[in-house]
Amino acid sequence: MKGLVSFLSCLALILGAVGAEAEVKNPDTFVMADYRTVQTIDPAASYDVAGSMRIWNMYETLIFFDGSSTEKFVPLLAAEVPTVANGGISADGKTYIFKIRKGVKFHVGGKLTPEDVVYSFKRHMILDQDGGPMWMLLEALTGKGSTRDKDGKIIPAVFDTIDRAVEAKGDTVVFHLPKPYPPLMSILCYTAASVVGKEWSIANGCWDGNIQNAAKYNNPAPGHEPLQKIENGTGPYQLKQWEPAKQFIFERFEGYWGPRPKIKTAIVKYVKEWSTRKLMLQNGDADRVVVDTPYVPEVKAMKGLNIYEVPQLGFTAGMFCRKINPAGNPNIGSGKLDGNGIPADFFTDINVRKAFLHAFDRETYQQDVFHGLVIMPTSPNVEGLPYHKAVPVYAFDLKKAAEYMKKAWGGQVWEKGFKMIITHNTGNEMREAAAVMLAENIMSLNPKFRIDVRNVEWKDYVVKIRDFQYPMFLSGWGADYADPHNFVYPFMHSNGYYGKFMALQSDKIDALCDAGIENVDPNKRAQLYSQLQNIWHADAIGIPLYQQIVVRAYRDYVHGFVPNAMFTDDNEIIKRIYKK
Amino acid sequence: MKSQHPRLRELKFTLYRIFRNPSAVIGFLLILFFLAVAVFAPYIAPPKYAHNPYLMPHKGFSPTPKPPSKTHILGTASGQYDIFYGVVWGTRTAFKIGLFVVGFAALVGIALGAIAGYYGGTVDEVLMRITDIMWAVPTLVLAMTIVVAFGRGLDKIMIALALVGWRWYVRVIRSEILTLRDQDFVQAAKIMGVSDTKIILRHILPNAIYPALIMASMDMGSMVITASFMSFVGLGAPKGYADWGQMVALARNYIVGPPDDPLKFWYTIVIPGGCIVLFVLGWNLIGDALRDAFDPKLRRR
Amino acid sequence: MRFNGLSRHNRLNRLNLVIMLAYITRRSLLLILVLFGVSVLIFGILMTFSPERRAATFVSSPQQAKDIPRIIKQFGLDDPFYVQYIRWIKEVFKGNLGWSLVASRPVSEAFWNYFPVTLEMNLFAAPIVIIFGIWLGTLSGIHRDTWIDHSTRILAIVGWSLPTFLFALVLLMIFYGYFQIFSPGVLSDHLSMFILDNPDSFKAYTGLYTLDGILNGRLDITLNALSHLVLPVLTYVIVVVALNMRVMRSGMIEELSKEYVITAIAKGADKHTIHIKHARRNALLPVITVAGQLVAYSMEGSVAVEVVYNRHGIGWWLAESAVQLDIPVLMCICLFMAVIFVITNLTLDILYAYIDPRIRLN
């Protein structure tokens with residue numbers, strides 16, 4: 001008897017000890033502090049990193065990225081991932097067949113049917129808000145990047161094309177592509193491909209299902225998309241409360257078809273001040289906070305944290321505009337090569353571009369600005385993307401920079417000197433450091449060289465870039481889907497987003513870019529993108545600045561995070577998280 | 001003594017009254033000190049770039065501040081900017097902000113106030129209704145809106161504050177002039193055929209100017225605070241520009257150090273922050289003393 | 001002395017009423033003029049944005065920027081000034097103040113969400129500022145030019161010289177950083193979760209947590225909300241108290257130099273009674289003006305406090321909107337401030353006119 005008592009008390013002691021150790025602040029609640037805001041949770045309109053985080057937890061797509069991979073997929077609402085081998089993808093790459101999972105419930109009730117899936121894709125594409133994400137699916141499924149032309153008029157018969165692109169057949173959904181489109185699988189993981197309940201959507205003012213009425217539902221004003229603040233997905237979490245720019249609360253959906261998530265309530269708080277976020281993490285009031293690169297050393301010095309380093313699929317570069325808008329432009333001084341400015345076509349001379357490239361100190365930049373925690377890219381096709389390869393870079397060498405400057409414009413640049421302004425967007429310390437570094441190094445070559453560094457608010461920056469105001473601009477691009485096309489095209493094609501504003505004009509590059517997206521054969525694509533990456537270096541198109549590695553800081557009792565390069569640091573797949 | 005001009009005698013008494021007040025002496029000493037720093041800035045901290053001395057020199061780009069050392073006697077801020085240099089040249093920036101904003105606002109305000117008060121009638125009505133409209137929106141709110149519209153930058157902040165600040169002076173000067181306008185000495189001057197401009201400048205303004213002076217002195221400080229707050233919010237000077245508000249904004253993320261040493265980065269916030277406080281304090285002390293000295297109600301016991 | 005006027009005031013009651021009504025009507029007309037002026041002024045300032053820039057407020061990544069020209073077309077952002085103004089004012093009369101990007105919802109709806117937070121802080125701060133200011137001012141005025149006077153004045157001036165945001169940051173560092181008390185925000189998580197979970201048992205009567213806590217019989221919520229108010233109110237009071245104190249001090253000095261005080265003291269009346277009972281009461285009148293100024297200043301003073309302490313009120317909204325170029329919000333807040341300001345002044349004038357009939361004749 002005595003023995004039993006002492007045994008029991010021992011057990012109690014052990015239990016007590018375990019209990020003490022397992023004493024985690026609110027074990028079924030996950031609190032995250034972020035500083036980015038959500039505009040909308042309508043999957044057809046949301047196109048920012050914070051919004052996608054919310055949508056990915058409440059809605060589901062047909063397929064999703066497999067763990068850390070950006071190329072392998074697992075089925076979500078599809079019963080299996082279609083491949084050419086299992087007959088899900090046709091040999092010509094123009095038909096995709098998805099078998100739809102059974103027994104999936106929507107948050108407000110009702111079971112998922114193939115009809116819901118078809119409706120969702122059509123409804124999202126019909127909505128196609130300006131500034132929204134639907135261009136991706138439209139490009140893949142209709143061959144056009146928008147439902148409207150340049151003047152904002154609806155393209156004739158575009159809705160009929162949409163209507164024909166997706167159809168339900170038995171328990172499957174079939175996509176018909178006008179041309180093969182290799183990145184489609186990756187795009188189908190994005191929030192724009194989320195599935196909503198058809199009846200519920202119509203009841204809440206979405207497209208009524210009749211293609212004749214589609215135009216009425218096209219391009220609503222920002223904030224007027226019907227699902228802006230309500231949701232009915234199939235995902236593991238449902239919206240409990242959203243106080244914009246304050247907090248967003250998820251609650252576990254008990255009818256979820258998949259394994260039951262451990263976290264019952266997840267709160268994403270909007271906390272702008274880093275000091276406050278840091279203290280919240282330190283005091284355990286937040287389980288995870290978003291950390292910007294400059295503060296990584298502070299976080300690393302903290303105790304009781306789990307820290308992950310996640311490389312991102314993103315590329316930032318310093319780009320030269322070869323056809324600067326000279327009208328009243330203060331950024332190019334006099335607008336002439338007279339020592340008080342630069343001509344509008346200053347950067348058409350490859351010697352000038354090479355001089356700038358040699359003046360950029362990659363080593364110091366990497367160590368000082370990023371504490372070494374960065375990938376220094378060599379071309380827009382960054383690490384982690386298919387067909388990536390390391391191409392040579394222009395090493396930091398002020399002598400070579402001076403040599404190229406002496407050659408530039410037949411020696412006139414060196415003789416007369418020049419004056420220009422490099423502008424970066426306010427608050428981006430990484431870009432700011434790059435601009436300052438370039439300016440200081442170029443100025444050290446020749447006392448007649450003068451570069452001032454300015455900053456403007458991002459939204460002004462975008463407008464001025466589009467107006468060809470800046471001789472040099474520093475800007476970046478985050479992955480929409482994991483394919484070189486999403487990076488090489490915007491940076492190198494004469495009609496790509498940045499290519500246009502750099503005033504690139506090369507039929508050869510354009511042809512290579514176009515061939516890259518139209519080919520399905522991986523070997524052929526590898527060869528095409530290899531050529532393009534070489535050209536980026538040989539032509540000195542721009543200065544590759546950085547490919548970020550974000551640091552995620554969790555309290556050490558938070559587990560389950562799986563890094564994936566497609567997800568920015570705002571993201572969190574809550575169903576994977578548990579606290580112990 | 002008897003031969004002294006009455007205005008001079010009055011001034012002497014005023015000065016006596018001001019300097020009898022210890023806080024005024026402190027205020028004047030503070031401002032004199034800052035003035036000396038501003039004037040001798042090129043000798044105290046020689047600039048690296050002659051074309052733009054307000055650019056703080058920096059060595060490297062590391063965002064983590066470094067404590068005071070032999071090469072950087074007050075340490076370096078985030079981005080390795082030399083704090084000593086920034087504080088010295090920031091003094092000039094502070095005077096620039098204060099003098100420009102207060103100078104412009106006071107000149108415009110006094111001129112409009114004098115016109116409105118002296119002429120009265122329709123002129124007065126129109127001017128005062130415009131002032132009412134300007135008056136209805138608080139300084140910070142209106143200034144922020146203007147800065148947003150004009151684009152960020154310290155120069156824009158200065159313009160915005162100047163455009164907003166004048167309305168105070170209009171009211172003050174106008175109400176002073178209203179009481180003086182009908183007094184005997186003004187009427188006498190009018191009868192003698194002295195021109196309006198002369199009456200305003202020679203007879204009315206010297207007697208009406210004191211409240212504006214007090215206000216100007218206090219404004220020198222409060223405008224620097226407002227400007228630094230706008231820098232803090234992110235509307236002001238770019239990083240690396242020698243401006244106290246900008247330096248505090250730069251330091252905001254280092255206000256709490258690592259858990260084992262929470263005061264590790266004190267110098268990044270205390271030094272520029274202290275400069276703002278002392279500068280503003282100096283002007284406020286002077287303003288307060290001026291008020292005591294000029295206020296007829298408080299003047300003599 | 002001024003109170004002697006009251007009896008005469010009673011006799012002239014009916015006449016006064018007519019004058020008063022006329023006065024109020026005139027002032028109300030002016031109010032409309034001022035509001036119209038403010039709207040044109042602010043609209044004009046914000047129209048200095050190019051259409052591209054205003055369209056760019058709708059985009060947040062380079063990927064979206066390609067749609068800028070279409071957005072300009074859709075909203076007619078390149079129409080002439082008056083067309084856009086009329087379009088805007090029409091919407092305002094329909095109750096549509098536009099869409100706030102910062103709040104991700106309509107401006108008018110967001111406004112009522114943020115307003116109680118600012119109101120709550122000011123409801124606590126204003127009485128403290130006024131009472132504390134009166135007390136310090138009286139003290140300083142009575143003991144003029146002594147060390148008490150100098151030290152209280154210097155303390156108040158130092159407070160007034162502190163940039164609010166800097167002081168707030170330091171307080172946050174000390175209290176939340178070291179002692180881990182007084183966390184930022186409005187209410188602790190577990191309580192806001194409780195309110196969310198039990199919308200029926202905890203009703204938001206006023207939107208002020210301190211008051212709602214009492215009305216719902218949940219004192220813990222009131223106390224928690226109060227603890228979140230400590231630092232903001234402290235910051236605000238220390239910075240603003242000088243304003244009130246200064247007026248009180250001059251008022252006191254003025255009253256104390258008056259014949260009746262000097263005579264009374266010479267006749268041997270109790271100094272304390274004279275100071276407190278008579279001089280202070282008369283010196284209080286100008287404080288009404290200061291209280292009015294406080295109301296007008298309160299919104300402005302809230303900006304820095306709310307930004308640093310992460311309290312999502314009107315001030316925070318303003319700062320955020322200024323940085324993110326949220327134009328409809330700037331318009332709305334400017335107009336709102338103007339309304340508050342004008343109404344406060346109108347009330348003060350009426351109050352003054354009521355107390356001191358001479359003012360109406362001006």
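So, to start: how many helices and strands make up the secondary structure of chain C? The count comes to 18 helices and two strands. Before I go on, please keep in mind that this is a predicted model.

Let me stay with chain C for a moment. If you put a box around its C-alpha atoms along the principal axes, you get roughly 85 × 55 × 45 Å. The chain has 362 residues, and 43% of them count as buried. Then there's the contact pattern: take the contacts in chain C with a separation of 6 or more, and 71% of those are between residues 24 or more positions apart.

Okay, on to who chain C touches. Let's do chain B first. That contact takes 48 residues from chain C and 43 residues from chain B. On the chain C side, the elements giving two or more residues include α2 (13-46), α8 (147-161), α12 (219-256) and α17 (327-355). Which of the elements gives the largest share of that side? That's α2(C), with eight residues. As for the chemistry, the side of chain C that touches chain B has 38 nonpolar residues, seven polar ones and three charged ones.

Now the contact with chain A. Here we have 36 residues from chain C and 37 residues from chain A. On the chain C side, at least two residues each come from α3 (51-56), α4 (62-65), α5 (68-75), α9 and α10 (189-197). The one that gives the most is α5(C), with five residues. Sorted by class, this side of chain C has 15 nonpolar, twelve polar and nine charged residues. So keep those two class lists for chain C in mind when you look at the model: 38 nonpolar and three charged residues facing chain B, and 15 nonpolar and nine charged facing chain A.

Let me zoom in on one helix pair between chains B and C. Helix α12 of chain B, residues 266-294, packs on α8(C) at an angle of about 130°, and the axes are 9 Å apart. The two helices are therefore oblique to each other, and their crossing is right-handed. Who actually meets whom? From α12(B) we have V277(B), V280(B), L281(B), N284(B), L285(B) and D288(B), and from α8(C) there are R153(C), I157(C), V158(C), W160(C) and S161(C). By class, that contact has seven nonpolar, two polar and two charged residues.

The helix α12(B) also has a partner within chain B, namely α11(B), residues 244-251. Their axes come within 9 Å and cross at roughly 150°, and that makes α11(B) roughly antiparallel to α12(B). This crossing is left-handed. On the α11(B) side, the contact is made by W244(B), M247(B), V248(B) and A251(B). From α12(B), the residues include T268(B), I269(B), P272(B) and I276(B). Here the split is eight nonpolar, two polar and no charged residues.

Last bit: chain A. The chain is divided into domain 1 (18-34 + 236-307 + 552-580), domain 2 (36-233) and domain 3 (314-542). How far apart are the centres of domain 2 and domain 3 of chain A? Over C-alpha atoms, 35 Å separate them. The two domains do touch, with eleven residues from domain 2 and ten from domain 3. The domain 2 side of that contact has six nonpolar, three polar and two charged residues.

That's my tour; happy to pull any of it up on screen.

Terms used:
Residues numbered from 1 in each chain as written. Chains lettered and ligands numbered in written order. Predicted model: local features only at pLDDT ≥ 70, side-chain atom pairs only at ≥ 80, totals over all residues. Domains from an automatic or database assignment. Contact = placed C-beta atoms within 7 Å. Nonpolar A, V, L, I, M, F, W, Y, C, P; charged D, E, K, R; others polar. Helix = DSSP H or I, 4+ residues; strand = E, 2+ residues; numbered from the N terminus. Buried ≥ 20, exposed ≤ 12 C-beta atoms within 10 Å, placed from the backbone. Axes fitted to C-alpha atoms, helices over the stretch in contact; angles between N-to-C directions. Parallel < 35°, antiparallel > 145°, perpendicular 65-115°, else oblique. Left-handed = near helix turned anticlockwise from the far one by under 90°.
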